[in-house]
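Subject: Handing over the structure, with notes on what was found

Dear colleague,

I am passing the structure on to you below, together with an account of what turned up when I went through it. Please read the notes with the model open beside you.

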Amino acid sequence: MRHLFALLFLLVSGSLAAQDLTSVNFHLRDVEGKDRSFQKYMEEVRAKGEKGAVLVSFWAMWCEPCKQEMKALRETFEKYSGKNFHYIAINLDNPRSLAKVKAYVSAQKLPYEVWLDPNSEAFKKLNGQAMPYSLLVNAKGELVAKRTGFIAGEEKEIEEDIRKILE
C-alpha cells in the first residue's frame with residue numbers, strides 16, 4: 001500500500017514540477033501577531049542565494065499526522081537551515097484556538113516559522129484539500145513537490161527532496 005502512495009506521489013509531483021508560485025501571494029499573521037507576506041518571504045529567500053528551499057506545511061491542532069510531521073522534520077530543519085532551507089508551518093485552527101496553538105508551539109519548541117490561516121485563505125489559494133498538506137518550493141518560486149498526508153518515515157523522502165534542491 002505504501003508503494004502505491006509513493007507512486008501516486010511521484011505521478012502527482014511530476015506533473016506539478018516547475019509550477020511557478022512567484023505570483024502567489026497571501027498575507028497572514030504569525031503566532032506572535034506579526035504580519036507576514038508569502039511573496040516577501042520568498043524574495044528574502046531568493047536574496048540569500050540561487051539555491052534555497054521553502055517547505056510550506058498546513059496543519060491543525062486536531063491533526064495528529066500534522067504534528068508528527070512537524071516533529072519528524074525538526075532534525076532536517078536543523079541540518080539544512082544554515083543552507084537556505086526554510087519551513088513555514090501554517091496553522092488552520094480557528095481564532096478561538098490561538099492560545100492553544102501558541103502554547104503548543106512554545107511547549108514543543110518548534111524552530112519553524114508558524115503562521116496562522118484561521119479562514120483557510122492560503123490553504124484554498126494553494127489548492128489544499130486535506131492535511132497535512134505540504135508544498136516544497138525552490139528559491140525561484142517553482143513548486144518542486146506536493147504532499148498530502150504523512151506516515152512516519154516519509155521525513156527521509158522529504159529530506160532527500162530538500163537536499164536535491166540545495167545541492
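Helices and strands are here taken as DSSP runs, helices of at least four residues and strands of at least two, numbered from the N terminus. Counted in this way, the chain has 7 helices and 8 strands. Please keep in mind throughout that this is a predicted model.

Overall picture

Of the 167 residues of the chain, 49% count as buried, and the accessible surface comes to about 8900 Å², with carbon and sulfur atoms accounting for 54% of that area. If one takes the contacts between residues at least 6 apart in sequence, 71% of them join residues that are at least 24 apart.

The nonpolar core

The largest nonpolar core is made up of 53 residues, and those with the most contacts inside it are Phe26, Phe58, Trp59, Phe85 and Tyr87. Strand E4, which spans residues 53-59, supplies the largest share of this core, namely 6 residues. For Phe58, once its neighbours within four places in sequence are left aside, the residues in contact include Ile90, Leu92, Ala122, Leu126 and Met131, as well as Cys66, Phe123 and Tyr133. The last three of these names return below, Cys66 in the disulfide and Phe123 with Tyr133 in an aromatic pair.

Aromatic pairs

How many aromatic pairs does a search of the whole structure find? The search gives 10 of them. One is formed by Phe77 and Tyr112, whose rings are arranged edge-to-face, at 5.2 Å centre to centre and with 85° between the planes. This pair links distant parts of the chain, since Phe77 belongs to helix H4 (residues 74-80) while Tyr112 sits in the loop between helix H5 (98-108) and strand E6 (113-116), 35 residues apart. Both Phe77 and Tyr112 are buried.

A further edge-to-face pair is that of Phe123 and Tyr133, with 5.8 Å centre to centre and 85° between the planes. Here, too, distant parts of the chain are linked, with Phe123 in helix H6 (residues 121-125) and Tyr133 in strand E7 (residues 133-138), 10 residues apart. Phe123 and Tyr133 are each buried. Apart from these two pairs, you may wish to look at Phe26, Phe38, Tyr41 and Trp115, which form one aromatic cluster; Phe26 was named above among the core residues with the most contacts.

The disulfide

The structure holds 1 disulfide, formed by Cys63 and Cys66, with their sulfur atoms 2.1 Å apart. The link of Cys63 and Cys66 is right-handed, with 75° about the S-S bond. Are its two cysteines buried or exposed? Residues count as buried under 20% relative accessible area; Cys63, at 4%, is therefore buried, and Cys66, at 0%, is likewise buried.

Salt bridges

There are 10 salt bridges in total, and three of them are described here. The side chains of Asp30 and Arg36 meet at 3.7 Å, N to O. Asp30 has a relative accessible area of 10% and so is buried, and Arg36, at 13%, counts as buried as well.

Arg36 also meets Glu113 in a salt bridge, at 2.7 Å, N to O. Because Arg36 lies in strand E3 (residues 35-37) and Glu113 in strand E6, this pair ties together parts that are 77 residues apart in sequence. Unlike buried Arg36, Glu113 counts as partly exposed, at 24% relative accessibility.

The third salt bridge is that of Glu157 with Arg147, where the closest N and O atoms are 3.6 Å apart. Since Glu157 lies in helix H7 (residues 154-166) and Arg147 in strand E8 (residues 142-148), the pair ties together parts that are 10 residues apart in sequence. Glu157 is partly exposed, at 33% relative accessibility, whereas Arg147, at 8%, is buried. Asp30, Arg36 and Glu113, for their part, are joined into one network by salt bridges that share partners.

With best regards

Notes: Residues numbered from 1 in each chain as written. Predicted model: local features only at pLDDT ≥ 70, side-chain atom pairs only at ≥ 80, totals over all residues. Heavy atoms only, no water. Phe/Tyr/Trp six-rings, centres within 6.5 Å; stacked < 30°, edge-to-face > 60°. Buried < 20%, exposed > 50% of the residue type's maximum accessible area, 1.4 Å probe, protein only. Disulfide = S-S within 2.5 Å. Salt bridge = Lys/Arg side-chain N within 4 Å of Asp/Glu carboxyl O. Core = buried A, V, L, I, M, F, W, Y, C linked by side-chain atoms within 4.5 Å. Contact = heavy atoms within 4.5 Å. Areas by Shrake-Rupley, 256 points an atom, 1.4 Å probe, with all protein chains shown as cover.
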